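Me: Can you help me look through this one? I'd like to start with the strands and then jump to a side chain.
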Amino acid sequence: MFGRFCAVMLLMLAVTVDTPAAQAAPMLAPTTKIEVGTLPPIEVAKPVPPFNAEKAIAAYLGTVKGEAKAKSDAYFEGGYTLLFVDAIYALAICVLLLWGRVSSWMRNRAMKTMFMVAGAFAMLLKSAPEGLRNRVVRFFMAPGWQVAVYGIQYLVLTAVLTFPLTVYEGFFREHAYGLSNQTFGQWFGDFGTGFIVTLIFATLGLVALYALIRRAGRAWWAWATGLFMVFSVVGMMLGPVYIAPLFNTYTPLPDSVLKSEILAQAKANGIPVDNVYVVDASKQSKRISANVSGLFGTTRISLNDNLLDQTTPQETLAVLGHEMGH
């Protein structure tokens, strides 16, 4: 009996321990109030019509009227006429040099000049071994030196003969249309700098060309084409870094939204630059302009200060986009 009693008591205890929830009061679950609203309608972007460059240009030109338009037309139409005049004038100078036997006189003068130079060095080295004197004489009597002397004479003479047209087109005409900011002295200084650069590179080019002609024979024209391409590449490499700064000062454009947009535009068009430069072109002209120049590590984006001062950022980007397109 006692055993059965203990078994019953243990069973009742187990039931009591395993069902504590039956003894506790039920609890309410936490709730949150949810507000239901109406979302604004989704706006579908309207398709952007394609940009029509011709219509945009026509619309802009339509804003130029009256005296300003007449002056602009006269300037550009006169420029086309001057292209023809320049060509005829250059042809007349060539006829004068050839038929007037001025060219042959310059050729003979070049030969005599180098003969005198070689003789002078031979006299200076009269106490030197005969072999050395002969090598010095042969060096200065080489055809390349004669070509160089002839080329210098030719370039100087043609610059003098074309100077009246040059000064009219570059100085007086620019002032007549209100485009130049230079005095005659300033203009002539730039002209002189440009002539010296031309004299150096053109003389080197002539020497290289005639050396090539002497060695290439009938195929000289093909080799001359390659030589011209080489000189063009070298000129494009040296131009923005060594030649352009002879005429103007180039300074980096300060960091700004415009600079970031220009660099982004350059990157999108595959132009390898990490800076933008401003050139003080206002000291020479009232023109607005920009350029992308250089090659093989010398590529440079430049905009003149007139463009920066006289146009909106969007107009500046449009001008640079045009230049990048080139």
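Me: Which residue takes a positive phi in the hairpin of E3 and E4?
Reply: Gly294, with phi near 105°. That hairpin has six residues between the strands. Helices (H or I, at least four residues) and strands (E, at least two) are DSSP runs, numbered from the N terminus. Keep in mind this is a predicted model, where local features need pLDDT of at least 70, side-chain atom pairs count only at pLDDT 80 or more, and totals for chains, interfaces and linings use all residues. Residues are numbered from 1 along each chain as its sequence is written, and side-chain values use heavy atoms, with hydrogens and water left out.

Me: How many bridges join E3 to E4?
Reply: Four, linking E3 (residues 290-293) and E4 (residues 300-304) in an antiparallel arrangement. Pairing here takes at least two DSSP bridges between two strands. Asn291 has Ser302 in E4 as its bridge partner.

Me: And what stands opposite Ser302 on the E2 side?
Reply: Tyr277. E2 and E4 run parallel, with four bridges. E2 (residues 276-279) also pairs with E1 (residues 250-252), antiparallel over three bridges, and there Thr251 faces Val278.

Me: Switching topic: is Gln182 buried or exposed?
Reply: Buried, because its relative accessibility is 9%, and the cut-off is under 20% (exposed is over 50%, partly exposed in between, 1.4 Å probe, protein chains only). Gln182 sits in the loop between H7 (163-176) and H8 (184-216).

Me: What does Gln182 touch?
Reply: Leaving out residues up to four places away in sequence, Phe171, His175, Trp187, Asp190, Lys283 and Gln284; contact means heavy atoms within 4.5 Å.

Me: Which side chain makes a polar contact with Gln182?
Reply: Asp190, at 2.9 Å. A polar contact is an N or O pair within 3.5 Å; within protein, one atom must be able to donate a hydrogen and the other to accept it, and residues adjacent in sequence count only if both atoms are side-chain atoms.
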